[in-house]
Amino acid sequence: MKFFEKSIEEAFLILFEGASEGIVVVNSAQVIVATNESARTIFGYREKELEGKPLNILIPDKYEQAHRHHFEDFMHHSKKRRMGHGRDLYGVRKDGTTFPVEAGLNPFVLHNHRYVMALVSDITLRKKQEREILELNEHLEERIEKRTHTLNETVSQLKEEVALRLEAENNAKEALRREKELNELKTKFLSLVSHEFKTPLSGIASSASLAAKYTKEEQQEKREKHFKTIQSKVKYLNTIIDDFLSIERLDSNKTTYRYTRFPLSQVLDEVVYDAQVHLKQGQQINYPKNAEEFELEFDAKILELVLKNLLHNALKYSRENSQVTLNISEQEEYIKLDITDEGIGIPQEEQKFIFDRYFRAANVLTTAGTGIGLNIVKSHIENLGGEISFTSQEGEGSTFTILIPYKNH
C-alpha cells in the first residue's frame, strides 16, 4: 500500500514538473510552498529558490496592493476562477523585468490547510501580436480612410468632368439649335420680305402707270384714286420697315424710351383717327366714353405703336359690318385697356405661338402681314413694366388686354 501511495506521489510530481503552464502553490499566508519548472523558467529562478518566499516577489510593486485585495477576496469566496478577468495582469522576473501574464486560480485543501494553485502563462508574445493587430487595424483604417478620400476626390473630379462635358455638349446642341433656328428665321424673313414688298410695289407701279394715262382735267378724280392707292401702299411699306427697325433696336438693346405725362385720350384719338383708313364696309370702332378720365406717365410713341398694331389687327381680321370695341378700366396700379373684335379668332392649338416672331396662324396665311407686330408689341410693353395677354375663340373673335402702369417705376 505504501509503495502504491509512493508511486502515485512520484507520478504527481512528474506531472507537476512536466506541466507546460507555470504552477505556483501558495498557502493562506500568501507564501510560496511549491513551484514547477515552467514557473521557475517564466520568472527566472532556480529550483527551490522561490519556496518559502512571499508571493509578492513575483508581482510588480505598483500592483502589489491590488493583488493582496484580490487574493484575500478570493480566499474568502474560495472557488475556481481566472484571476483578473477583464484586466491586464503582470509578473516580475528575478531580473526585475515585468511581463504580461494570464493566471487561473484553483483552491484546494490538504491536511486541513488551505492552498491556492495558480496556473501562470507568459502571454508576452500574445500581447505583442494583439498590439500588432491593433496597430495593423489602425493603419488599415487610416489607409482605408485615405483611400476612400482619394476615391471620393477622384469621383468628384469625374463628376466635374462629366458635368463640364455635358455642359459643353449642351452648349454645342444649343448653338446648333440656335443656328438652325436662325437659318429658318432668315429663310422665313427673306420669303416674307419678298412677298410683303412685292405686292405693294406691284400696286404702286400699276397705279402710277394708270394715273399717267389720265391726262385730261375731267379725269382728275381717277388720278386722285390711284394717287391715294400709291400713298396707302407706301405707308404700308414704311410700316414694315419701321417694324424691322424696331426689331433690330430691340435685339441690340438700342431702344430708348422717353417718358412723358399725358392724357390717355390724346394717344387714343390719334390711333382711332388713323385706323379709319383701314375700316371695311360697315365696320365700326366703339370709342370708350371714359377715355378722358385717365392720365399716365409712359412713352407716348410706344403706346401709340402698340395700340395701332392691336387695333389694325382687330379690323384686318374682322369681317365687314362688324364692331371693334375699346374698353378702359382701372386695375390696382395699372390702366387696363381691352380691344375686342368679332373676327376670325386664333386656333386653340396655335395660341401659344402668337407672340413668336414671324409666326402667323394657319387661318391668316392668305392675309397680308409680317408676323412680327405682336412680338414687337409684347417686347415694348414688358420693357416698360406692363403686361399683355389675350383670349380668343376661333370663328368668334379675340380680346387683347394690355396693362399700362400709371407711373414709371
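Which residue in β2 is the bridge partner of Val24? Select Val24 and look across to β2: the partner is Thr35. Keep in mind throughout that this is a predicted model.

**Stop 1: the β1–β2 hairpin**

Widen the selection to residues 22-27, strand β1, and residues 32-35, strand β2. The two strands run antiparallel and are joined by three bridges. Together β1 and β2 make a hairpin, with four residues between them. Now pick Gln30 in that turn. Its phi is positive, about 60°.

**Stop 2: Asp122 and Arg93**

Next, select Asp122 and Arg93 and show their side chains. They meet in a salt bridge, 3.3 Å from N to O. Asp122 belongs to strand β6, residues 113-122, while Arg93 sits in the loop between β4 (89-92) and β5 (98-110), so the contact ties together parts that are 29 residues apart in sequence. Asp122 is partly exposed, at 34% relative accessibility. Arg93 is also partly exposed, with a relative accessible area of 23%. This pair belongs to a longer list: the model has 13 salt bridges.

**Stop 3: along helix α4**

Move on to helix α4, residues 124-213. Start with Glu132, which lies in this helix. Glu132 is partly exposed, with a relative accessible area of 43%. Add Glu135, Glu138, Glu141, Glu142 and Glu145 to the selection. With Glu132, they gather in a patch of negative charge on the surface.

Go further along the helix to Glu161 and Arg165. Their side chains form a salt bridge, 2.6 Å from N to O. Both residues lie in α4, four residues apart, which is about one turn of the helix. How accessible are the two partners? Arg165 is exposed, at 58% relative accessible area. Glu161 is partly exposed, at 35%.

Now select Glu169 and Lys173. Here is another salt bridge, with the closest N and O atoms 3.4 Å apart. These two are also in α4, four residues apart, separated by about one helical turn. Glu169 is partly exposed, with a relative accessible area of 39%. For a salt-bridge network, select Glu102, Arg126, Lys127 and Glu130. Shared partners join these four into one network.

**Stop 4: two positive phi values outside glycine**

Select Asn321, in the loop between α7 (300-316) and β10 (323-331). Asn321 is not a glycine, yet its phi is positive, near 60°. Asn321 is exposed, at 56% relative accessibility.

Then jump to Glu332, in the loop between β10 and β11. Glu332 is not a glycine either, and its phi is positive at about 55°. Glu332 counts as exposed, at 75% relative accessibility.

**Stop 5: helix α8**

Select residues 373-383, helix α8. Which of its residues are buried? They are Gly373, Leu374, Asn375, Ile376, Val377, His380 and Ile381. After the helix comes Gly385. Check its backbone: phi is positive, near 85°.

**Stop 6: strand β13 and its neighbours**

Finish at strand β13, residues 397-405. Is this strand enclosed or open? Nine of its nine residues are buried, so β13 is largely enclosed by the rest of the structure. Show the side chains and view the strand edge-on. In a regular strand, side chains alternate between the two faces of the sheet. In β13, Gly397, Thr399, Thr401, Leu403 and Pro405 point one way. Ser398, Phe400, Ile402 and Ile404 point the other way. Residues of both sets are buried.

Now bring in the pairing strands. Select strand β11, residues 334-340: it pairs with β13 in the antiparallel sense, over seven bridges. To find one contact, pick Asp338, whose bridge partner in β13 is Thr401. Thr401 is one of the buried residues listed above.

Then select strand β12, residues 387-393. β12 and β13 run antiparallel, joined by seven bridges. Pick Glu387 here; its bridge partner in β13 is Leu403. β12 and β13 form a hairpin with three residues between them. End the tour on Gly395 in that turn, with a positive phi of about 85°.

Terms used: Residues are numbered from 1 along each chain as its sequence is written. This is a predicted model: local features need pLDDT of at least 70, side-chain atom pairs count only at pLDDT 80 or more; totals for chains, interfaces and linings use all residues. Side-chain values use heavy atoms; hydrogens and water are left out. Patches are made of residues with over 30% relative accessible area and no salt bridge: like charges are joined within 9 Å, nonpolar side chains (Val, Leu, Ile, Met, Phe, Trp, Tyr) within 5 Å. Accessible areas come from the Shrake-Rupley method with a 1.4 Å probe; for residues, only the protein chains shown count as cover. Lys and Arg count as positive and Asp and Glu as negative; His and the chain ends are not counted. The place of a charge is taken as NZ of Lys, CZ of Arg, CG of Asp or CD of Glu. Buried means under 20% relative accessible area, exposed over 50%, partly exposed in between (1.4 Å probe, protein chains only). Two strands pair if DSSP finds at least two bridges between them.
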